[in-house]
Amino acid sequence: MTVPASRALRRLPLHVAAAVTVVVCLFPVYWMVTTAFKPNRDIQSDHPRLLPQSWTLEHFRRAIDADGFGLFWRNSVLVTLGAVVLALVVALGASFAVARMRWRGRRQFMLMVFVAQMAPWESLIIPVYIISRDTGMLDRLPTLTLVYFMMTLPFTIVVLRGFIATIPPELEESAQVDGCTRVGAFRHIAFPLLAPGLMATSLFGYITAWNEFAYANFLIIKQQDHRTLPVWLSSFHNTFGTDWGATMAASTLFALPALLIFLVLQRHVTSGFAAGAVKG
């Protein structure tokens, strides 16, 4: 009995640190959600309460009925899905070539991918803006799609490459012996086994593109109808200033899809990240 008690005592600081971390990370989310349900008198009160005394759905109605909410929601969905699909298609071919084939420059290619992954994308805002301006690509949703595609591509290649490396190549070789081509063997044998890795990278790309603000703010200047939800949320005002209740309601609706997708794919995402990090 003494050994488990001492072990639990040694682990107590870790549990306390984990609990504090969870509280610190989740409290802003909790405050956002509860503020979305609070009446205006409670939001503007000099004595804020952790638990709302009364609840209302008025803020959600104003957020949904606000000008541009549906349009900018559609823009965000189009840009996010386009970037994720492009990244998956390109990264799948690149990761297969790196993991299964032997060709000159393979190591240098992966080194460039790792460098691109480590580079802070905020430092590239000005070059990307200048290139977009000089090529006439400002104020266009395809430009944002390409930028988000480039942001998510290196990570997608790294994870899928590690995941493909965990699949025994003998499975594909057996299919080739039975008459499949190399592409057919990969499509019928290896590709179905990549589902966790594809889900993990898709979720990462979705969250990256869905929440991105800086590029959407700098590349969409004149065509306000091409803005995305993060930019719209930053300028969500009424005639009296910032409508905090409606802003928090819109932010809650904005965060809800990512949360639902993560909850649905959580098991596959965990196994996908773990498998993608096994081999290098």
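Thr-208 sits in helix α10, so let's start there and work outwards through this predicted model. From that helix we'll go to its partner α9, then to α4, the nonpolar cores and a few loop residues.

**Helix α10 and Thr-208**

- Helix α10 covers residues 195–211, which is 17 residues, and it spans 24 Å from first C-alpha to last, close to the 24 Å expected at 1.5 Å a residue.
- Quite a list of α10 residues is buried, including Pro-196, Leu-198, Leu-203, Tyr-206 and Trp-210.
- The buried set of α10 also takes in Gly-197, Ala-200, Thr-201, Ser-202, Gly-205 and Ala-209.
- Leaving out neighbours up to four places off in sequence, Thr-208 touches Met-151 and Thr-152.
- Thr-208 also has a long-range pairing to look at: Ala-83 is 125 residues away in sequence, yet the two C-alpha atoms are 9.8 Å apart in space.

**How α9 meets its partners**

- Packed helix pairs are described by two things, the angle between the axes and the distance between them.
- For α9 and α10, the axes come within 4 Å and cross at roughly 60°.
- That angle falls outside the ranges for roughly parallel, perpendicular or antiparallel, so α9 and α10 count as oblique to each other.
- On the α9 side the contact uses Phe-191, Pro-192 and Leu-193, and these meet Ala-195, Pro-196 and Leu-198 of α10.
- By class, that contact has six nonpolar residues, with no polar and no charged ones.
- Helix α9 (residues 182–193) also pairs with α4, where the axes come within 13 Å and cross at roughly 100°.
- The α4 and α9 pair is therefore roughly perpendicular.
- Here Leu-92, Phe-96 and Arg-100 come from α4, while Arg-182, Phe-186 and Phe-191 come from α9.
- This α4–α9 contact splits into four nonpolar, no polar and two charged residues.

**The nonpolar cores**

- The largest nonpolar core has 40 residues, and the members that touch the most others are Ile-157, Phe-186, Leu-194, Leu-229 and Trp-232.
- Helix α4 (residues 69–100) gives the most to this core, at eleven residues.
- There is also a second, separate core of 17 residues, with Leu-144, Tyr-215, Leu-219 and Ile-220 among its members.
- Back in the largest core, Trp-232 touches Ala-63, Ala-66, Asp-67, Phe-69, Phe-72, Arg-227 and Ala-250, again not counting residues up to four places away in sequence.

**Residues worth a click**

- Most residues other than glycine have a negative phi.
- Asp-139 is not a glycine, but its phi is positive, at about 60°.
- You'll find Asp-139 in the loop between α6 (125–134) and α7.
- Asp-139 has a relative accessibility of 11%, and since buried means under 20%, Asp-139 counts as buried.
- Thr-166 is in the loop between α7 (141–165) and α8 (169–177).
- With a relative accessible area of 31%, Thr-166 is partly exposed.
- Thr-166 and Ala-99 are 67 residues apart in sequence and 9.5 Å apart in space, C-alpha to C-alpha.
- Ala-214 belongs to helix α11 (residues 214–219).
- At 22% relative accessibility, Ala-214 is partly exposed.
- Trp-121 is 93 residues from Ala-214 along the chain, and their C-alpha atoms are separated by 9.7 Å.

Technical notes. Residues are numbered from 1 along each chain as its sequence is written. This is a predicted model: local features need pLDDT of at least 70, side-chain atom pairs count only at pLDDT 80 or more; totals for chains, interfaces and linings use all residues. Side-chain values use heavy atoms; hydrogens and water are left out. Helices (H or I, at least four residues) and strands (E, at least two) are DSSP runs, numbered from the N terminus. The expected span of a helix is 1.5 Å times one less than its number of residues. Buried means under 20% relative accessible area, exposed over 50%, partly exposed in between (1.4 Å probe, protein chains only). A nonpolar core is a set of buried Ala, Val, Leu, Ile, Met, Phe, Trp, Tyr and Cys residues joined through side-chain atoms within 4.5 Å. Contact means heavy atoms within 4.5 Å. Axes are lines fitted to C-alpha atoms, for helices over the stretch in contact, and angles run from 0 to 180 degrees between N-to-C directions. Angles under 35 degrees count as roughly parallel, over 145 as roughly antiparallel, 65 to 115 as roughly perpendicular and the rest as oblique. Ala, Val, Leu, Ile, Met, Phe, Trp, Tyr, Cys and Pro count as nonpolar, Asp, Glu, Lys and Arg as charged, and the others, Gly among them, as polar.
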